[in-house]
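Dear colleague,

Please find below the sequence and structure that I am handing over to you. My notes on what was found follow directly after.

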Amino acid sequence: MSEINSSFVIASKRPKELAEFYAKVHKVETLPGISSNHYLVPIANGLNIQIYKPSDSTNFQQKARAACLCFQKGSCSKPLSLIKKWCLELEELGGRIVEAPKKDFFGAEAWIADPEDNDFLIFVPVLI
């Protein structure tokens, strides 16, 4: 079974500027993410704040999704297949798929609601 890393994720129209803000708050340096529109802000105990500019097809204006938990598995060559399997596992635990798995250049993602209807993102980066 692959390791799951947890982080906070924030969708932003200006991810670099927002990452710099959170880095200053935590007195750390920003780290580059997986694209030019993705930044990491290390906070504590291996946790990061991930700040990214979402794809044009993502409705990040929903406040429930602007700042939320993100669970990420390791990179793989077929991230969509892994995300679909992971969605089934989460459904068995009582989660509900809010936005079906989709693949993008950076990997695959899906939005899930927990049993109390809180949305969170699951993500698998593509192996480069």
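Which residues are linked in a network of salt bridges? They are E99, K102 and E109. Please bear in mind throughout that this is a predicted model.

**Salt bridges**

The structure holds three salt bridges. Two of the pairs involve K102: its side chain meets that of E99 with an N to O distance of 3.5 Å, and that of E109 with an N to O distance of 3.9 Å. Within this network, E109 is buried, since its relative accessible area is 7% and the cut-off for burial is under 20%.

A further salt bridge joins R96 and D117, whose closest N and O atoms are 2.4 Å apart. R96 belongs to strand β6 (residues 96-104), while D117 sits in the loop between β7 (107-113) and β8 (119-125), so the pair ties together parts that are 21 residues apart in sequence. Both partners are partly exposed: R96 has a relative accessibility of 42%, and D117 has a relative accessible area of 49%.

**Helix α3**

Helix α3 comprises the 14 residues 79-92. At 1.5 Å a residue it should span 20 Å, and the C-alpha atoms at its ends are indeed 20 Å apart, so expectation and model agree. Its buried residues are P79, I83, W86, C87 and L90. They cover an arc of only 110 degrees around the axis, which places them on the same side of α3. K85, L88 and E92, on the other side of the helix, are exposed.

What do the buried residues of α3 pack against? Their partners are the strands β1 (4-11), β5, β6, β7 and β8. Just after the helix, G94 adopts a positive phi of about 110 degrees.

**Helix α1**

Helix α1 is formed by the 12 residues 15-26. Here too the length agrees with expectation, because 1.5 Å a residue gives a span of 16 Å and the end C-alpha atoms are 16 Å apart. P15, A19 and A23 are buried in this helix. Their arc around the axis is only 70 degrees, which puts them on the same side of α1. The cover over the buried residues of α1 includes β3 (38-44) and β4 (47-52).

A23 may serve as an example from this helix. Its relative accessibility of 4% makes A23 count as buried. Leaving aside neighbours within four places in sequence, A23 is in contact with V28, E29, T30 and V41. Between A23 and I49, which are 26 residues apart in sequence, the C-alpha to C-alpha distance is 9.3 Å.

**W111 in strand β7**

Is W111, a residue of strand β7, buried or exposed? At 1% relative accessibility, W111 counts as buried. Not counting residues up to four places away in sequence, W111 touches Y52, R65, C68, R96, I97, V98, E99, D119, F120 and L121. Two of these contacts, R96 and E99, also appear in the salt bridges described above: R96 with D117, and E99 with K102. The C-alpha atoms of W111 and V98 are 5.3 Å apart in space, although 13 residues separate the two in sequence.

**Positive phi outside glycine**

Most residues other than glycine have a negative phi. Against that background, two loop residues deserve your attention. K27, just after α1, takes a positive phi of about 55 degrees. K27 lies in the loop between α1 and β2 (31-32) and is exposed, with a relative accessible area of 74%. N45 has a phi near 50 degrees, likewise a positive value in a residue other than glycine. N45 is placed in the loop between β3 and β4, and its relative accessibility of 83% makes N45 count as exposed.

**A nonpolar surface patch**

Finally, which residues form a nonpolar patch on the surface? F8, L47 and L69 do so, with about 230 Å² of accessible area together. L69 lies in strand β5 (residues 67-73) and counts as partly exposed, at 38% relative accessibility.

With kind regards

Technical notes:
Residues are numbered from 1 along each chain as its sequence is written. This is a predicted model: local features need pLDDT of at least 70, side-chain atom pairs count only at pLDDT 80 or more; totals for chains, interfaces and linings use all residues. Side-chain values use heavy atoms; hydrogens and water are left out. Helices (H or I, at least four residues) and strands (E, at least two) are DSSP runs, numbered from the N terminus. The expected span of a helix is 1.5 Å times one less than its number of residues. Buried means under 20% relative accessible area, exposed over 50%, partly exposed in between (1.4 Å probe, protein chains only). The arc is that of the directions from the helix axis to the C-beta atoms. Contact means heavy atoms within 4.5 Å. Patches are made of residues with over 30% relative accessible area and no salt bridge: like charges are joined within 9 Å, nonpolar side chains (Val, Leu, Ile, Met, Phe, Trp, Tyr) within 5 Å. Accessible areas come from the Shrake-Rupley method with a 1.4 Å probe; for residues, only the protein chains shown count as cover. A salt bridge is a side-chain nitrogen of Lys or Arg within 4 Å of a carboxyl oxygen of Asp or Glu.
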